[in-house]
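Please look over the sequence and the model below before reading on. The paragraphs after it are meant to be followed with both in view.

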Amino acid sequence: MNIRRLAAALLLLNSVFFSFAEVEQEKQENPLNKTLNTDGLLPVLAGSIEEGSYEIETASSSSMFRIEKAVLYVKDNAMTADLTLSGKGYSNVTMLSAADSEALTSLEGTSPVIDGNGKYVFKVPVQSLNTELLCSAFSKKKQKWYERRVVFYSEKIPAENLFVTPYAMQKCGLKDGSYTISVKLAGGSGRAYVKSPAPLRVKDGMPLAQIEWSSPNYDYMILNGEKILPLANKQNSVFELPVLVFDKPMSVFADTTAMSTPHEILYQLEFSLETAQRKEFNMSILIITAISLLAAAVLLLFLVRLCFKKRK
């Protein structure tokens, strides 16, 4: 009798242990509360990327859903991605919740293609880059859907293929004041250039740079969809732009009137933060200026007195 009770107790303990282990495993496999890193990044949609294919970086909320390789395809204002998974434990992948995936009447288009290395490759629609997106994967072993979160990053897409800058404007760490900073221009035909170093002013930690072009033929610029007009009374076209990112290319459009018809051209500006130099107050220049003004005043006074003497 005691042996039976002991055996029953062991079976109950074993059942409780495996139930607890299964719950813990499911928590690990379905960590929806885990936040993926998108700090300082802005969402990028299909219309902001030149059509083509790009190998991109990804992140997943679960180690059980590991993406070894991702290739992004942009066409007709839409994006898809081929995801190569590390294992073969999933038979279907959707960009839906587990409940919505369970309710699908057809799983057509959600199953993998096997590549030359025997890896499972799933094709999925991509709504936006640099954004946490919900997806679900069907476990062949457990016969159930598991929800995941994934991020497709724009970092590896060349700047010349992006029509926006995928970086949020952040405080640059420079103290408020006036600076000069080195700036490089890329894109276009290569004939245009901008003056470097460029004036930079920092207000409330936010940097604004003055971009002076090599000609007066630019009538506006566009940064992340915002139209910026030139500063007035300048010989060349000069614009004040917020610097969204340092030491990385920042995509901008500049509209030139030098052609037969106005034409928007995509450029990249890159600001080197280490070259930023503060414009210090120069006491010697102030002293020289004061002495010059004083000498001019003395000379003027002398001439006035001389005129009065001649009149007498």
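The text below moves from the whole chain to a few particular places in its backbone.

The model is a predicted one, and the protein in it contains three helices and 17 strands. Of its 312 residues, 36% count as buried. When contacts with a separation of 6 or more are considered, 64% of them are made by residues that lie 24 or more positions apart. The accessible surface of the protein amounts to about 19,300 Å², and carbon and sulfur atoms contribute 56% of that area.

With this overview in place, some loops deserve a look. In the loop that runs between β10 (177-187) and β11 (198-203) one finds P197, and the peptide bond joining S196 to P197 is cis, with an omega of about 5°.

Two further loop residues can be considered together for their backbone angles. N130 lies in the loop between β7 (120-125) and β8 (132-139), and although N130 is not a glycine, its phi is positive, at about 65°. D204 sits in the loop between β11 and β12 (206-212), and D204, likewise a residue other than glycine, has a positive phi near 55°.

Which of the words buried or exposed applies to N130? N130 counts as buried because its relative accessibility is 3%, and the cut-off for that word is under 20%. D204, with a relative accessible area of 53%, is exposed, since that word is used for values over 50%.

Technical notes:
Residues numbered from 1 in each chain as written. Predicted model: local features only at pLDDT ≥ 70, side-chain atom pairs only at ≥ 80, totals over all residues. Heavy atoms only, no water. Helix = DSSP H or I, 4+ residues; strand = E, 2+ residues; numbered from the N terminus. Buried < 20%, exposed > 50% of the residue type's maximum accessible area, 1.4 Å probe, protein only. Contact = heavy atoms within 4.5 Å. Areas by Shrake-Rupley, 256 points an atom, 1.4 Å probe, with all protein chains shown as cover.
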